[in-house]
Amino acid sequence: MQKYIWLVPLLPLIGAAINGLLGRKFRFSEPLIGGIAVGSVALSFLISVAAVYSYGFGGHAEWPKPYLTSQDGFSFNWIPGGAVSVNQGSEARIQIELQKNLEERLAAMTPEERSQTKGILVGASDSPRFALLNIEWSYQLDPLSSIFMLIVTGVGLCIFVFATGYMHGEAGFYRFFAYMGLFMFAMLVLVMGSNFVMMFVGWEGVGLCSYLLIGYYFDRQEAANASRKAFITNRIGDFGFALAIFGVIATFGSAQYTDVFNQAKGYPIELLGQWGILSWIALGLFVGACGKSAQLPLHVWLPDAMAGPTPVSALIHAATMVTAGLYMVTRTNVIFQHSQTMLLVVALVGAATAIFAATIGITQNDIKKVLAYSTVSQLGFMFMACGVGAFVIGIFHVMTHAFFKALMFLGAGSVIHGMHHEQDMRRMGGLKKYMPYTYWTFMAGWLAICGIIPFSGFWSKDEILWNAASTTHIPLGWLVWLIGTIAATCTAFYMTRLMAMTFWGRERFLEAPAGGEADEAHAAAFDKGLTQHDALRPSAGDRPRHEPGEHVGPVHEDVADHLATHGHGGHEHGAHRPHESPPSMWVPLAVLAVLAVIGGFVGIGPAFRTVTRSEHPGGRLNIVTWLNPVIWNPSTREFNAAEGVEAPVAETEHAAPPTEGAGHAETGASVYGQTGFNLAHSVEASTHSELATEWIFIIISLVVAGIGMLLGGLFYVWRPQLANIWAQRLRPLYVASYNKYWVDEFYGWAVTRRTMDAARAVYAFDSRIVDGIVNGLASLSRLFSRIVGGIDKYFVDGIVNTIAAFILRLMSPLFRAAQTGFAQNYALVMVLGLMVAVVIFFARDIF
Amino acid sequence: MLNFTFAFLLQQVEDNRFAQMRHAAANPDLSKFLWIGALLFIIGVAGVLTRRNIIVIFMSIELILNAANLNFIAFSRYLHETGNANALAGQIFTVFIIVVAAAEAAIGLGIVIALYRNKETIWVDEIDLLKW
Amino acid sequence: MTLSGYEALFFWIFGLAAIFAGLLTVMARNAVHSALFLISSLVSVAALFVLARAEFIAGVQILVYVGGVMVLFLFVIMLVNVGAEERGHEEIFNNQRQVTASLIFCLLLVGGVLYAVNRGYSGLQILHPNPVSQDQLQATSATGSSQITKDAEGVGGSLYRYASLPFEIASVLLLVAIIGSVMLARTLRQEASADDVAPEVLQEEIARDPQLAKLEPQSE
C-alpha cells in the first residue's frame, strides 16, 4: 500500500480542480460539491491509514527506514539541475575528511604499528566540490511524515464535514471547497515531499491558500486586509527559508533529505558562541518557521486571519498550516542540533511567544481571537519543546493541539452559527442548555488545553515542561520552564474565562441587544436593494451573509431605543434564540472530542513507568518510539536518538540507558558542554530520585493549571464583578494587553509607513529627476526640430520655389505648343518615330 | 538604298543590269509584291496625315491595313514554295486582320457619327478640344 | 514564287491599278469618289491575292471588305453631309506645314522601306535560292482546263485546328464591336429613354430640349 501514497496529495487536488473549474459552470449542487470534497479527503485519509499501517505495522514493515516513492512508486525528474559547485561549509567538510582519512589509516595499520605511532599526517583537499543536483518529485513516507499525513487528512476530514454544514447557503460554496482541496494538496506535498524544494512548494502553496481562504469574503475590506497581511508576513519568513535552502544546496550539494542529513550528521557541532554554516542554515529555516507558525515577531497575521470562515481558522490556523514550521524544524533537527545557539534562540523565542500571546488572550472579547492567541501561545510551547531538544514532544504537542484546538475552533464555529454570527463573548452566556453537544465537546477541549490528566493536552504539555527543566542541550532551561509554567497558568485562566463567558452564567444575549441592529437594518435594506454593499462596514468577524433579522456585528449604540422598538430582549425575533447545530457540524466535534480525550495516550511519559512497566509504553504505537528514528542523537552522532527505547521491561531506573522521551541523559551534557544551572538536576539532587523529580514537576503543572482554572472560575463565574475591578486596578497592564501591546501599530509606524516614505522618495526622484531629464531631452529635440523646420520652410523652400517658378515661366509656353489638340499632328509625330526606328534598324548598313 | 535609287532613276545602265531589270520585270516575285504593299502603305500614311475629311482619313487607314494584308499573303505564298510547314499562317493572319479592320471600321464610324451629332462637322482641324 | 507569262502581265496591271487607285483615293475631292476609288483598290489587291494563290482570302476580301466595310463607309458618307466640299469651297488638305512635313516624311519612308525590302529579299535569296513551284500538283476540274484551288481547304484546316482560340477571340471581338457601335450611335433621345444619361447632363439637355422630359424610361 505504500506505493500508492502519491495518491494522497493527488485526490484532494483532483477534487479541488473539479469543484473549482466545473463547480460554477455546471452549477453543482451543495451536496455534490461537499461530496466530492469530503470524499476526496476521506479517500486520502484511508489511503494514508493503510499506507502508514503497512509501513509501520504490517507484515513486512519498512519502519524505521524511510520509504521513498522513487523506489517503486511515483517519481519524476522535476528539475534536472546539473552540476553545482558545493562551496559552503568547506572547513567542516575538511575536518570530516581528515577524520575519515585518519581512521582509515589507523584501521589499515596493525596493532603494534598503532601503538608505536605518535602522530599521523593526513591531508584533505581544499578544492571546491561539485555535485550533480537533481531535484525530483517523489514522496517520502517515514515516521514524521506519516504522523503529519494522518493529522492533516484525519483532522482535515472532520473539518471538511463540518464545513459542509457551516458554509451552507453560501454562494461561493464551490470556491471554498476548491481552495480547501488545494490547501490539502499543498499541505500534503509539504509534509510528504522528499526534498527541501518540494517542501518549499508546499510551503508557498499553503501560504497562497491561506491568502485565498482568509480573503474568502473578498467583498469585505477587513478580510482583504487580513489576507494580505497574512501573505506578506508569510513571505518575509519565506525569504529566510529560501536562503536556507540555498545554503543547504550549496553546502551539501543536494536537496533530498536522505542525502543532506546523511552528510550533515558528520559535521561538527557548533556550540554556543560558535557560528558556522549550519547555524546560518538553521537561522534561515527558523525565520521561515517564525513566519509560517506565527512566532514573535511575525505573529501579527494570525489573529487578523480570524476574518476568514471558521473552518478555515480551524484547519489552517490551528491544526495544519501553522504546524508546518514545526514539521520543518523537526525534519531538519540534525541541522538545529548542530547549532546550540539556534536551539537557544528557538527555545527563547518560543517561550516569549507563549507568554506574550497568553497575556493578550486574557483580555480579548472575540471568541475567535481568544482561540487565535491561544494558538500562537501553544505554538510557542511547541517551539520551546524543539528548542530544548525534545523534538518528539514538540510533534506530540502538535498532534494533541491539532485535536483540541480544531475541536475548539469548530466548537466556536458551532456557537457562532447557533448565535447567528455573533462572535462577541460579552453577548453570549448560558449556552450550555441551548447547545448541549457543542458544550460537552468544547468542555473536552477545554480540559485538554488546560492540561488536566488524563486528557491529551496534559501528556504533551507536561512533557514539554519536564524537558525544558531537565534539558542539557541549552542553558537557561529553567527560564524556559518558568515562562512555560506561567504561560500554562494564563492558558488555563483565559480558557476557563472563555468557557464561563460562553456557556455558563446568565444569558446575556437576552438582556442586551445581541448583534448589531444597525447591521441588521443594513442587511434588510441591502436585501431589498435599497443600499449598496459596504465593504468598509466593520463587523464581528466572519459572517457569510446576513439575513434580515439576523443579528450581526457590534451592538447598537442606542440600547434603550432598541429595546423600545424591539421589546424586551427581542423575543419577537425568532432569530434571537440560539440553536444547536445540525449533525453535519456536531458529529465532527464529537469525533475530535474523543480524540482530544484519548489522543494523549500514545505519549504516556516515562514518569508513569511504574504503572506501565515501560519507559515508553505501547511499542511502536508510542510516539517517542515511533519518531525516534528521525531524531538525531548528538552523543551517538546517529539517528534513532535513544538506544534501546523499545525495551518494554525497564524495571530499574538506571540499569537501562537512562532516557526520557527524546531528552538526553547525562552523557548528552558532554556534547553541548556545560549548560549552566539545570533545574531538574538540582531538584533531583535533593530528592535523590528521578521518578520523584518527574512527579514533582507533574504536580506543579497540574497545580498551576488548577490555579488558572480556579481564578478563571472566580473572576467569571462566582464573582463576575472582580473582573472589572482588577481590570481597573491593573489598568496599564489591561490596556497593554487589550491593545495587543501595540505591535501592529509599531509595525505600521516603523515598517509600513517608512516603506511608503521610501517609495514616495524614489517616486519623487524618478518623476522629477529621471523624467525631468527625459522630458528635457524631448524639449531640446522639439526646439531643434522647430529650428530646422524654419530653415527648411523659409530658406530651402524659398530657393526651390523661386527656381522652379522661373523654369516654369520659361518653358511652359514651349511645351504648351505641342498640345495642339490636332490628331494629325500626333500622327505625324508617330510617323517620324517610325522613320527613326527604320533608320536605327539599318544604321549599320547605311552609315 | 542610294545605289538602288540611282539605278532606278538614271538611264545609264549596263547591259546585264538592264537585262536583269527586264527579267525582274517580266518575272515578278516576292520582292515586287512587297514593293506594291509598301507603296500602298505609304500612300495610306500620307492620306492619314494630310486630308481634312475624317471619312477619307478612315479610308486611308483601310488602305494601310490592306497593304499589310498583301504583305502577309505574299509571304505566305513564298513560305509555301520554300517548304515551310506554317505556310498558311499568313493567310490566317490576313483573315484576322480583315476581322479587326471590319470591327474597327464599325466602331470608328460610330464614333464619327456621334461626333458629327455633337459638333456638326467632319473637318478634323475643327475638333481640337485637347488644345491647350 | 516567280510569276511568269500572263500572270506577270496581270500582276503588273493590277498592281499599278491598286497604286493608282490608292493615290486617287487620297486625292479625290468628293468623299464618295474616294470610297469608289478605294473599292477599286481593294478589288485590285484581291486580284493580286489570287495571283498569289490565296483565292479564299481574295474572296473574303471582296465579300467582307468591299461588300461590308465599304458599303458601311458609303452609308456613313451619306449620313454625314459633305456637300460643302463638293461645291469646292472647302479645303481638302490640311495647312501647308502639315502637308509639307508629311510629304517629306513619306518620301523618306518610301526610300527607307524599299531599301529594307531589297536588303531583306537579297538575304532571303541566299537562304532559299530555288523555291519550287507547287502549282503542278493541283487537282483539275471536270473539264480539265482549270485548276480547283485547295486554298479554302487549307485555310479552313489551319484556322479551325491551330488558330481556334484566336478564332473564338475574334468572334468575341466582333460581338463587342457590335455592342459598342450600337451604343456609340445612339441619339440623346434614345439614351434618355433607355435611362442611360447622367442626371446632371439630362438636366442640361432638358433645358435645351424640353421634349426630353416627357420620355418614359423603357427599361424597368
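# Notebook: interfaces, salt bridges and rings

I began with chain A and chain B, which bury about 950 Å² between them, 68% of it from carbon and sulfur atoms. Buried area here is the accessible area (1.4 Å probe) that two parts lose on being put together, summed over both. The size of an interface is often given as the accessible area lost when the parts come together. I noted that A:Arg816, A:Gly821 and A:Gln824 supply 45% of the area that chain A buries against chain B, more than any other three residues.

The model is predicted: local features need pLDDT of at least 70, side-chain atom pairs count only at pLDDT 80 or more, and totals for chains, interfaces and linings use all residues. Residues are numbered from 1 along each chain as its sequence is written, chains are lettered from A and ligands numbered from 1 in the order in which they are written, and side-chain values use heavy atoms, with hydrogens and water left out.

**Entry 1: chain A against chain B**

I looked up the contacts (heavy atoms within 4.5 Å). Eleven residues of chain A touch 14 residues of chain B. I then looked for salt bridges, meaning a side-chain nitrogen of Lys or Arg within 4 Å of a carboxyl oxygen of Asp or Glu. There are zero across this interface. Polar contacts are pairs of N or O atoms within 3.5 Å; within protein, one must be able to donate a hydrogen and the other to accept it, and residues adjacent in sequence count only if both atoms are side-chain atoms. I found two residue pairs in polar contact between chain A and chain B, both residues at pLDDT 80 or more.

Which helix gives the most to the side of chain A that touches chain B? Helix H33 (residues 823–841) of chain A does, with five residues. Helices (H or I, at least four residues) and strands (E, at least two) are DSSP runs, numbered from the N terminus. By class, this side of chain A has six nonpolar, four polar and one charged residue. For the classes, Ala, Val, Leu, Ile, Met, Phe, Trp, Tyr, Cys and Pro count as nonpolar, Asp, Glu, Lys and Arg as charged, and the others, Gly among them, as polar.

**Entry 2: chain C against chain B**

I read off about 7,400 Å² buried between chain C and chain B, with 76% of it on carbon and sulfur atoms. Here 89 residues of chain C are in contact with 71 residues of chain B. I found zero salt bridges across this interface, but twelve residue pairs in polar contact, both residues at pLDDT 80 or more. H5(C) gives the most to the side of chain C that touches chain B, with 15 residues. That side holds 58 nonpolar, 23 polar and eight charged residues.

I picked out C:Ser181, which lies in helix H7 (residues 164–184) of chain C. Is C:Ser181 buried or exposed? C:Ser181 counts as buried, at 18% relative accessibility. Buried means under 20% relative accessible area, exposed over 50%, and partly exposed in between (1.4 Å probe, protein chains only). Leaving aside neighbours within four places in sequence, C:Ser181 is in contact with B:Ala106 and B:Ile107.

**Entry 3: salt bridges**

I counted 16 salt bridges over all chains. A:Asp757 takes part in one with A:Arg754 (3.1 Å, N to O) and in another with A:Arg760, where the closest N and O atoms are 3.0 Å apart. A:Asp757 and A:Arg754 are three residues apart in helix H32 (residues 743–816) of chain A, so about one helical turn separates them. A:Arg760 and A:Asp757 also lie three residues apart in helix H32 of chain A, about one turn. A:Asp757 is partly exposed at 32%, and A:Arg754 is partly exposed at 37%.

In chain B, I found B:Asp125 and B:Arg52 joined by a salt bridge (2.8 Å, N to O). The two are 73 residues apart: B:Asp125 is in the segment after helix H5 (89–119) of chain B, and B:Arg52 is in the loop between helix H3 (30–50) and helix H4 (54–81) of chain B. B:Arg52 is buried at 8%, whereas B:Asp125 is partly exposed at 30%.

**Entry 4: aromatic rings**

I found 49 aromatic pairs over all chains. Rings of Phe, Tyr and Trp (its six-membered ring) pair if their centres lie within 6.5 Å; planes under 30 degrees apart count as stacked, over 60 as edge-to-face and the rest as tilted. A:Phe57 and A:Trp626 are stacked, 5.4 Å centre to centre with 5 degrees between the planes. A:Trp626 is buried at 6%, and A:Phe57 is partly exposed at 33%.
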